[in-house]
Every structure is written in C-alpha cells, then in structure tokens.
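Student: I've got a model open and would like to learn how to read the place where two chains touch. Can you walk me through it?

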Amino acid sequence: MDFFMFHLMPYPHVPANFDEYETSWLTYPNKHFDPNKGHLLYHQYLDQLEYAEELGFDGICVNEHHQTTYGMMPSPNVMAGLLARRTSKVKIAMIGNALPLRDHPLRVAEEVAILDVVTGGRVVSGFVRGIGVEYFTFASNPAHSRDRFNEAHDLIIKSWTSDEPFAWTSKHYRFPYVNIWPRPLQQPHPPIWVPGYGSTETLDWVAKHRYTFMSVYAPTALTKRWLDMLREAAGRHGYEADPKQIGSLLPIYMAETEQEAHEHAEQHLMWLFHVGLKHKLEYLFPPGYMSVGSMRGMMTAGIKPFGLYTYKELIDEGYAIVGTPDQVREKLTELHDLLGFGTMATLLQFGDMPHDRAIRNMELFASEIMPALRGRVPAVAGA
Amino acid sequence: MHESSRIDVGGVGVHLLRGGPRRDDGAILFLHGAGGAGVWMPFHGLLAERRDVLAPDHPGFGGSDDAEDVIEAMDDLVYHYLALIEQLGLTNVDLVGSSLGGWLAAELAVHHPELFRTLTLLAPVGLELPEHPIQDLFGMSPDETVAAVFHDPSIAAQIFPAEPDLDFIMGLYREKISFARLAWSPYCANPKLERRLHRISCPTLVLWGEHDHLVPIQHGERYVERLPDARLQVLPGVSHAPFIEEPAATAKAILDFVG
C-alpha cells in the first residue's frame, strides 16, 4: 500500500452573505480572496505537505482548479515546483494537469519533465479533463473535451518518449516541430494517474494504458463498482490489474474521542461539500462535457448535488471516514478488503480545518493507521 | 396541412417539414434556432396559408441525424444547407432564420447572395459586439432560459411538458451539445461576418422583439447598418422568440415583406 497526502488548498474564509452566491466558482467574486490571508494559508499548506515526508508518507499530491474558493492551485506544476527542492524522498503527484483546457499541451510535457529531472524521478503525472465549470473559465468547447484530452495525452506521451524531432497533426493540435527539452528522467515516462468519475470510457482507457485510476467523492458502493469495472477492463486487455493501479481518495479525520472527531469533522466536511463544492448545475455540466449516454446514466444513478447532502448521509454512504484512530483503522481495513486499493490518497486537511488540527490528524494517521495497513494483503478484493 | 419527410443530404439524414401551396416563384426556407426544431408550429402554418414553407431540422437537432464528424462549426452548416438547397432544386428562396438560424441565414446569403430573393432575420445572433453581450444561454438554468427567451414566461408552459421525462431532457441535452459545437466560442458569433455583410444584395428585414432579454437590439441595428438594403422592425410585447409569442404578428410582418 502506498500512502499519499492529497491537498486541495482551500481558501476557507467566506463572507457572511455567502449564501447569496449561487456558486463558489466562476462568478464568485475574487474580492473575497485576501492575499494576506492567502500568504499565510499557502505556507501552512506547503508546511503540511513537506511534513508528510517526515511522517513517512510515500507521496504528496497537488491539483488544478480555477476561479474558486475551493482550492488555490490554478497551477499544480507551480505548487510541485515549490515542493521539489524542499523534499527529497516523497513522490510529488500532480493530480492532475487539465489537458483539454490547454491550447499548448507541450507546456505540460515540458513542465512535468523539468520537475521529473529536478526531483530525480519523483514525479507522478496526473491527467484530467478539468471539471465542467472550467470550460466556462477557459472558453474551451466542452463538446471537444474528450477528443482534446485524448489527443493531448497522445502528444505528451510521444513527446516524452521520442528522442528525435517529430511533427504532430491531430484534429485539435498541430505542431510541426516537437522536440522537448528536457526529456523526463523516469523511463519510458513518469507514471500516469487519472482521477475522477468512473465512466465506462475512462475506465477502459485507463486499463488499456495500465495507468492508475483514483476514485474521488463517491459513496462506497459506487467506488466499489468503478474499481471492479477497472479490474474487469484490465482483464479484457489481457492482464490482472496491479493493486497500485487502484486508487481511492478519502477525506479522513481522527481525534481522541469519537464525539470530538465528529464535532470537528462535521464543520470541515460541510465546508467542503456545501461551500467548496457549491456548484451551479449548468456550469458543472456544460453540453458535451458528458456524452448523452453518460448524462443519462448519471441522471438515473440517484446521485444528488453535493450541496444537498447532510453530514450523516456523507458519513453513512462512505464519502468520508471519521472517528477515533481505532475506529478509522477498523473502517479502512474493511474498505481495503472490499475495494482492494493499493494506492491510498488521503485528504487529511479539508474545508476550513485549521493548521493545528490538520497536523494532529496527519500525525495520528502516520502513527496509528499506516503501520497497520502497510504491506497488508486485502482479504477479499476484486470483482 | 404539412408533411414530414426524411431526406439524405450528403450522407446526413435530415428531417424536413413542408407545407403550403407549391408555386413556381419560390419557397420560404425557415431555419430554426438553438431550440424549436422538429415542430410545425402555428407560425409555420400561418406562413403556409400563402406560401410553400420548408422547415428542415439542422443536423444534431430534432429528427435529423447527428453529424458531429462533418458539422463541426458554422461554415460546415453553411455547406450542408447549400447542398440541401441544390438537392431540392430551390430557387428564388425567401430565406428566414431565427436566432442561431438567423446567423446561419446571414452566412448563407454572404456565401451565395444570388440564391436568395429576400432575407428575413429574426433576432439573429452572429455578430460579435463586446459592448452589447448576448446573455450566456449555456450557463442558464431552465427557469432562467425561459425568462430570457419569453417576455411572458407562461408561454413556455404551452411548449414544455410540466413534468418532462428523461427522454425529453436528453433530447434537449443533445441539441445543446449540437448548439455548443457551433456557438461555444466565439460565443454565438463569427467575428468575420460583420465585414462580409456588404455582399448581401437582396432586400433584408430584421425583426426584433421589443423586450429581447437575450440578444440586445444593438445587434439588429448593426446588421441594418452593414447590410446594403435592410430595415429594422420591432415587434411589440415579445422577447427573443416572437414567432412563438406572437405568431400572427410575426407571420404577417414576414408575409408583408416577402409578398
């Protein structure tokens, strides 16, 4: 089992009249960002990620989101750059660069390659499509999203694995001279992770390329379905999925007593789901971002907007794990048996959780949870 | 009375509604907007009392096939309609387009001015006027859309089911994807269209709803300014879909113009 500490770097301060805004993305005014508070937060969050190495995590994760209080990382590569020389052992995972939003995907290839060379090959390169609202942010046509993702991916992989200049022509990208300097250090290229919602197309694509899939914000039952689908897809492509290909991202919170754990977690988790993930549906699902078939599937899956979940529902359905260290260890052991993941991404700071609580949560995870799960073989994983 | 048929245009199956007396002196070709495909409305019927009216569905809309590999942008749709006009042997066409269809109509007339006897643009998009932005339809909720398109939102209840089923919602989603392919960015515009409008020599009527909450009337004024032979007529008491809100007044304005 590999343990990663995932960060979203939320900007937790919201005005008293926050309820008047229909979303915390895109149109939520940036006057609500105070750069002086941001200065403090960036340093606390980066301290947390650096501390993860000291605590024995295998990796740390940064990500990309735009125009929102949900997270302050429009560029994961800049964040990874800040961490590259302050760490020496952990993997640094950018989960991930939003490929279709780029008109120049080669810039991603170059930046990830720099980081890979500087860190001596500690980079994990996540590729994502970006979420629907970000197609408004970049005026990028959501109807082209999947094509652009596939083309940009193919271009980046070829740019990393070719040692001679080549010309690239695809529907959305044309570059007569591709010849990136530096080339990545890891061969043939850094590992690729794809987080997200488990559409059939995505899971089959991930399995075909033998990449790592990471489930995000889903009830346990749905996560189980996705991870089983990934294993089945790997089988279709003629191999057995490596546990490390199977990842899950989970908000986790621990305190000495169950009551205290829930008291704290409720506040921070509700910030994440009701403030950070406050979306306007028309922005979140622009036309073509999902195919007609996938949209039909989602509308019949019984998922509701994050803002409508109560704390109890989130806990009961498995969106987050909260309790004493003993309770959390027991729950994660059960989940490990059920889901069979070999890559565990933890969200140990989430929402408006202050620095001291995040640090304590990380320490408890490292001392009370990691030793029990590391090297553990799941009892009944698999489809 | 009208008939519904399917024709093949360059490999794309097109759903065509047609009604009214066939005459030797040409037909009205009506091009729908982002909504309103596939339905013969009272407005069509009023035009068809006097004229031969053809109302095809754009590829990706109504009963026509999806054709995402060949209709990627507005210029592809222009060539699709040039093929349709040629295939049906239409000449002396009185071209009428609403909103997105108005933009399409202007592009067609720029491309082949000699094909068209008259041009009627119903609150067309197509021009890029940053100082008079078109409201963002893609970001609107269903209620916001109704409030923008109709001056009297209760009109929408006559068109949309009170409790739409999944197939109805998916149908709208499919058309929104087709719309996005044509109009996501630049939003509802071809920045080059304005400087090409001088090519349109036929008489043009630009109709605008008095209370258009979606596309500012300055777009209509700019069309009239750039077109060699055009006038602007305002239809009172309606928003962006006058042919739905006031079919009689809209049909009369068009018939008075085209004769």
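Tutor: Sure. Start with what counts as touching: two residues are in contact if their C-beta atoms, placed from the backbone, lie within 7 Å. Keep in mind that this is a predicted model.

Student: With that cut-off, how many residues of chain A are in contact with chain B?

Tutor: On chain A there are 14, and they meet 15 residues of chain B.

Student: Which elements of chain A give two or more residues to that side?

Tutor: Those are α9 (281-284) and α10 (292-300) of chain A. The largest share, 4 residues, belongs to α10(A).

Student: And how do the residues on chain A's side divide by type?

Tutor: You'll find 10 nonpolar, 2 polar and 2 charged.

Student: What does α10(A) meet in α6(B)?

Tutor: Look at A:Val292, A:Met295, A:Arg296 and A:Met299, which meet B:Leu166, B:Met170, B:Tyr173 and B:Arg174. In this helix-to-helix contact, 6 residues are nonpolar, none is polar and 2 are charged.

Student: At roughly what angle do the two axes cross?

Tutor: Roughly 145°, with the axes of α10(A) and α6(B), residues 166-183 of chain B, coming within 10 Å. The crossing is right-handed.

Student: Now a strand pair: in which sense do β7 and β8 of chain B pair?

Tutor: Parallel, over 6 bridges, with β7 at residues 204-209 and β8 at 230-235. From β7(B) the chain crosses through helix α7 (residues 218-226) to β8(B), a right-handed β-α-β crossover. To find the pairing on screen, pick B:Thr204, whose bridge partner in β8(B) is B:Ala230.

Conventions:
Residues numbered from 1 in each chain as written. Chains lettered and ligands numbered in written order. Predicted model: local features only at pLDDT ≥ 70, side-chain atom pairs only at ≥ 80, totals over all residues. Pairing = 2+ DSSP bridges. Right-handed = clockwise from strand over helix to strand, strands pointing away. Nonpolar A, V, L, I, M, F, W, Y, C, P; charged D, E, K, R; others polar. Axes fitted to C-alpha atoms, helices over the stretch in contact; angles between N-to-C directions. Left-handed = near helix turned anticlockwise from the far one by under 90°.
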